[in-house]
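Thanks for sharing this one. I had a look with the aromatic side chains in mind, and my notes are below.

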Amino acid sequence: SPTASPTVSPPKNDENPTLSPMNNLHPTGVVEKLPKDNIHINPGYFNYDLTDEAYGPEAWGKIEATDTDEYNYWKDLQEYLPVSLTENTCNSAKFFNGNRASPVDVRATEDDCKEYHEIRTLDGSVTLQSNNVDLQIRPNMLRISYPRRKNKKDLEPDVPTVDVPQGWGKFLDVVRVDFVCPAEHTLLGEKFDCEIRIYVIQKAGRGVPVITLLAKVGKFNNHLQEALDEFQKVWESNDNACQKSNRNLRSSQLGSKFDNETNTRTLVTSNWNPWKFMQQTKSYWFYGYNGGLTEPPCSYFLHWRIIDTPIELSEEQLQQMKQLIMTNRDPINCKYTSVHNQYGSFARPLQDSSRVFLNKC
């Protein structure tokens with residue numbers, strides 16, 4: 001099994017992520033931070049080390065917004081967003097007067113529920129194995145990126161959709177699903193092990209709804225494991241690429257089996273979709289507030305909808321998720337990509353929510 005935390009020495013060929021618990025990856029334990037000479041620091045680089053004055057959360061406001069991955073992801077939708085993506089607003093005290101930043105402790109601060117019906121969903125027919133679905137091991141999360149339909153009337157690609165209450169328009173397309181561990185939001189002061197964010201595209205200038213599910217360690221989650229199995233294939237593909245580039249005479253003989261591997265997506269027709277997580281909660285109730293991205297440039301255009309009941313995942317699954325992120329390497333330069341801090345965390349500190357309007361529906 002892989003080392004408990006990324007090291008300078010590359011893992012051996014047989015060191016693949018497994019379901020075995022890695023207790024020292026848990027947020028309560030201390031893990032090794034990545035050495036600066038073994039990570040790839042690009043112009044938009046940041047991390048979660050609170051002691052890092054150059055790249056930690058307190059320094060995020062110094063990053064050029066147009067250098068960030070989030071800017072590059074959302075820039076094609078700039079005309080539909082209510083804010084400029086070219087402005088870094090991570091210094092929330094300066095830009096938002098302390099009332100728009102995310103994440104926050106979620107609780108009801110006002111009685112007026114502004115939603116008119118429950119969150120309604122449609123599964124779609126796109127699978128995790130579809131060629132136009134992109135599974136990514138990001139430096140701070142796992143991500144499923146769905147293809148975008150050029151026009152709302154197009155039948156394909158048939159991605160998952162949702163009817164978000166409060167006049168968003170019927171059945172908007174899901175564009176990505178992020179798995180973040182530990183959860184960045186808290187609920188009534190309680191911390192959670194992960195959160196699953198389902199981002200929805202809307203082209204009317206209001207912003208982007210994010211349906212969010214919190215998760216805590218409990219029972220094994222079969223639906224989650226289907227996704228983790230696919231992410232593990234991505235990890236193995238990246239690792240194999242690095243093994244090939246660094247092999248010696250002996251490892252080249254061992255590597256011959258990788259030369260014969262296809263590493264292509266398996267042709268499985270399982271209709272995996274993120275809405276099954278909502279079904280697991282057996283709840284229609286949620287908290288809502290207007291906030292922003294939880295990484296640079298921290299732009300304020302998200303409309304959070306956080307389901308009030310958490311789902312469960314096993315301890316082994318939690319460790320597998322953290323392991324996949326923390327030991328992943330870029331297949332091109334073979335540098336580790338993780339930006340975790342010494343506690344194995346990818347969470348931005350909670351932001352001031354004393355003047356944030358949160359409602360429960």
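The points that follow cover ring pairs, a cluster and an arginine in this predicted model.

1. Let me start with the overall count. There are 12 aromatic pairs in the structure. I picked out two of them for a closer look, Tyr48 with Trp60 and Trp74 with Phe301.

2. Tyr48 and Trp60 meet edge-to-face, with 5.4 Å between the ring centres and 85° between the planes. Both residues sit in the segment before helix H1 (69-74), 12 residues apart, and the pair links distant parts of the chain. Tyr48 is buried, at 2% relative accessible area, and Trp60 is buried too, at 0%.

3. Trp74 and Phe301 also form an edge-to-face pair, at 5.4 Å centre to centre and with 75° between the planes. Trp74 belongs to helix H1, while Phe301 is in the loop between strand S10 (286-291) and strand S11 (302-307), so this contact ties together parts 227 residues apart in sequence. Are these two rings buried or exposed? Trp74 is buried, with 0% relative accessibility, and Phe301 is buried with a relative accessible area of 2%.

4. Back to the pair of point 2: Tyr48 and Trp60 belong to one aromatic cluster together with Phe46 and Phe346. I would enjoy seeing this cluster in a figure.

5. Finally, do look at Arg176. Which ring faces does Arg176 lie over? One is that of Tyr73, at 4.6 Å from the ring centre. Another is that of Tyr199, where the distance to the ring centre is 4.2 Å.

Terms used
Residues are numbered from 1 along each chain as its sequence is written. This is a predicted model: local features need pLDDT of at least 70, side-chain atom pairs count only at pLDDT 80 or more; totals for chains, interfaces and linings use all residues. Side-chain values use heavy atoms; hydrogens and water are left out. Rings of Phe, Tyr and Trp (its six-membered ring) pair if their centres lie within 6.5 Å; planes under 30 degrees apart count as stacked, over 60 as edge-to-face and the rest as tilted. Helices (H or I, at least four residues) and strands (E, at least two) are DSSP runs, numbered from the N terminus. Buried means under 20% relative accessible area, exposed over 50%, partly exposed in between (1.4 Å probe, protein chains only). A charge sits over a ring if NZ of Lys or CZ of Arg is within 6 Å of the ring centre and within 35 degrees of the ring normal.
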